[in-house]
Amino acid sequence: MDASELMRAASAQTGLNDFGPDDFREGFSLLVDAIDREAQIRDGCRAKLEWKFVNLLAQRLWFARDMQDHPEIARERIRSPLIILSLPRTGSTKLHRLLGATGDFQTLNFWQTMRFARVPGAPDGGVAQRIAEAKDYEAWIYAQSPAMLIGHPLHAEEPEEECYLMEATYRHPTIFGHYDVPTFAAWIVNADLKPAYDYLVSVIQYLQWQNGSPNKPWLFKDPNHLGQEDYLTAAYDNPRFIVTHRDPVKCVPSVTSTVMANRAIYSDLDNRHAFADKMLGHLSSAADRHMEWRARNPHIEILDLSFADVVKDGQAAARKVYDFAGLNLTPEALSAVRQWEADNPKGKHGEPKYSAEEVGSTDEEIRRTFARYTDAFGAYL
């Protein structure tokens with residue numbers, strides 16, 4: 001693949017040349033080059049991957065045109081969002097989706113993270129087309145990597161993490177969870193993430209302008225935000241945080257298995273030991289930065305929840321969130337939570353199996369690495 005050729009293809013598809021802020025170009029070129037040299041993409045998946053990149057570039061092009069034609073987008077207010085962040089594999093996805101089922105929040109659905117830009121000339125900005133394309137991609141993902149259904153199923157019309165939206169910035173750590181690209185991973189560790197967060201906020205404004213409900217609070221969720229809270233407090237007006245917790249001995253092997261399922265969409269390469277080794281340092285550093293941020297900002301509103309709180313009784317967890325947010329949990333909202341839990345029982349697609357030994361570590365090593373975090377949040381573990 002060639003980054004310049006992909007950009008030309010997106011321009012030819014859309015008839016546009018303005019991709020918005022240029023800060024995506026360095027990461028994009030590095031990523032495409034690293035994928036070509038390092039990621040061992042299956043031959044049958046190369047065309048699909050090129051399609052994915054061209055689509056993301058097309059989203060940028062259409063978005064930039066709408067921003068130029070509609071300056072009022074930049075005046076949209078994102079008021080006091082609720083942001084779920086955590087170590088990965090702590091019950092945050094369940095919490096996010098069951099809360100989203102109530103209809104009391106604005107959420108990013110998976111189709112919006114894939115197709116955030118309006119399709120020019122299509123009725124209603126092409127919403128039906130965008131949802132259909134996301135559903136097609138969802139089905140293709142499961143055909144390539146059935147384990148995705150167990151680890152982190154993606155559903156076109158359910159709430160999803162901002163990380164999928166931030167892929168279009170090519171400045172986000174989630175990208176090396178999709179491909180084995182050591183060169184890009186080494187670059188992103190020291191890259192300035194502010195442009196990625198700035199772009200994220202502008203896209204959220206864009207989505208709210210398209211068909212949002214400004215009187216409803218936004219509900220966001222992304223484990224990649226852990227340790228990056230300063231970007232969020234700078235970007236949003238009075239954000240409030242929900243932090244889910246779980247024993248890191250469970251989190252590290254679980255996220256490693258999930259990432260391997262994610263990478264299996266495009267590649268047969270499985271080097272979970274090397275990845276888990278990097279994850280230990282990456283996640284423990286993120287947890288340390290999170291605790292330092294909390295110590296510097298005791299005035300910021302934070303709700304801590306345990307994995308057990310969320311997994312065993314979603315209705316009780318929802319009550320805690322509504323109380324924290326100052327919202328009225330109506331019988332209708334509680335019924336929606338109850339229905340979501342009934343429709344999505346634990347192990348619906350199979351029970352994941354993982355252990356520290358399977359990823360080349362030990363429970364003792366993980367406990368030692370996360371000692372500061374477990375000391376601080378032992379009551380939630």
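How much of the accessible surface of the protein chain belongs to carbon and sulfur atoms? In this predicted model, the accessible surface comes to about 15700 Å², and 49% of that area belongs to carbon and sulfur atoms.

**Figure 1. Overall view of the predicted protein chain.** The protein chain contains 18 helices together with four strands. Its radius of gyration is 20 Å, close to the 21 Å that the globule rule gives for 381 residues, so the chain is as compact as a globular protein of that length. Along the principal axes, the C-alpha trace of the protein chain spans about 55 × 45 × 40 Å. Of the 381 residues in the chain, 57% are buried, and among the contacts with a separation of 6 or more, 79% are made by residues 24 or more positions apart.

**Figure 2. Close-up of the open sheet of four strands.** The strands follow the order β2-β1-β3-β4, and their pairing is parallel. The edge positions are taken by β2 (219-221) and β4, each of which pairs on one side only. Neighbouring strands of this sheet are turned against each other by 20 degrees on average, with direction ignored. Helix α15 (residues 314-325) packs on the sheet, where it touches β1, β3 (240-245) and β4, and the direction of this helix makes about 175 degrees with that of β4. Strand β1 (residues 82-86) and β2 run parallel and are joined by three bridges, and Leu 82 has Leu 219 in β2 as its bridge partner.

**Figure 3. Close-up of Ser 306 in strand β4.** Ser 306 lies in β4, the strand formed by residues 302-306. With a relative accessible area of 9%, Ser 306 is buried, because this value falls under the 20% cut-off. When its neighbours within four places in sequence are left aside, the residues in contact with Ser 306 are His 245 and Tyr 380.

**Figure 4. Close-up of the largest nonpolar core and of Phe 53 within it.** This core comprises 101 residues, of which Phe 28, Ile 35, Phe 53, Phe 116 and Tyr 179 touch the most other members. Helix α10 (residues 194-211) supplies the largest share of the core, namely nine residues. Once neighbours within four places in sequence are set aside, Phe 53 is in contact with Met 1, Leu 6, Phe 28, Leu 31, Val 32, Ile 35, Tyr 170 and Tyr 179. Apart from the largest core lies another one, of 22 residues, whose members include Leu 219, Leu 305, Ala 317 and Ala 333.

**Figure 5. Close-up of Ser 80 and Arg 89 in loops on either side of β1.** Ser 80 belongs to the loop between α3 (46-69) and β1, and its phi is near 40 degrees, a positive value in a residue other than glycine. Ser 80 counts as buried, because its relative accessibility of 15% is under the 20% cut-off. Arg 89 is found in the loop between β1 and α4 (92-100), and for this residue, which is likewise other than glycine, phi is also positive, with a value near 70 degrees.

Terms used
Residues are numbered from 1 along each chain as its sequence is written. This is a predicted model: local features need pLDDT of at least 70, side-chain atom pairs count only at pLDDT 80 or more; totals for chains, interfaces and linings use all residues. Side-chain values use heavy atoms; hydrogens and water are left out. Helices (H or I, at least four residues) and strands (E, at least two) are DSSP runs, numbered from the N terminus. Buried means under 20% relative accessible area, exposed over 50%, partly exposed in between (1.4 Å probe, protein chains only). Contact means heavy atoms within 4.5 Å. Two strands pair if DSSP finds at least two bridges between them. Axes are lines fitted to C-alpha atoms, for helices over the stretch in contact, and angles run from 0 to 180 degrees between N-to-C directions. A nonpolar core is a set of buried Ala, Val, Leu, Ile, Met, Phe, Trp, Tyr and Cys residues joined through side-chain atoms within 4.5 Å. The radius of gyration is taken over C-alpha atoms; the globule rule is 2.2 Å times the number of residues to the power 0.38. Accessible areas come from the Shrake-Rupley method with a 1.4 Å probe; for residues, only the protein chains shown count as cover.
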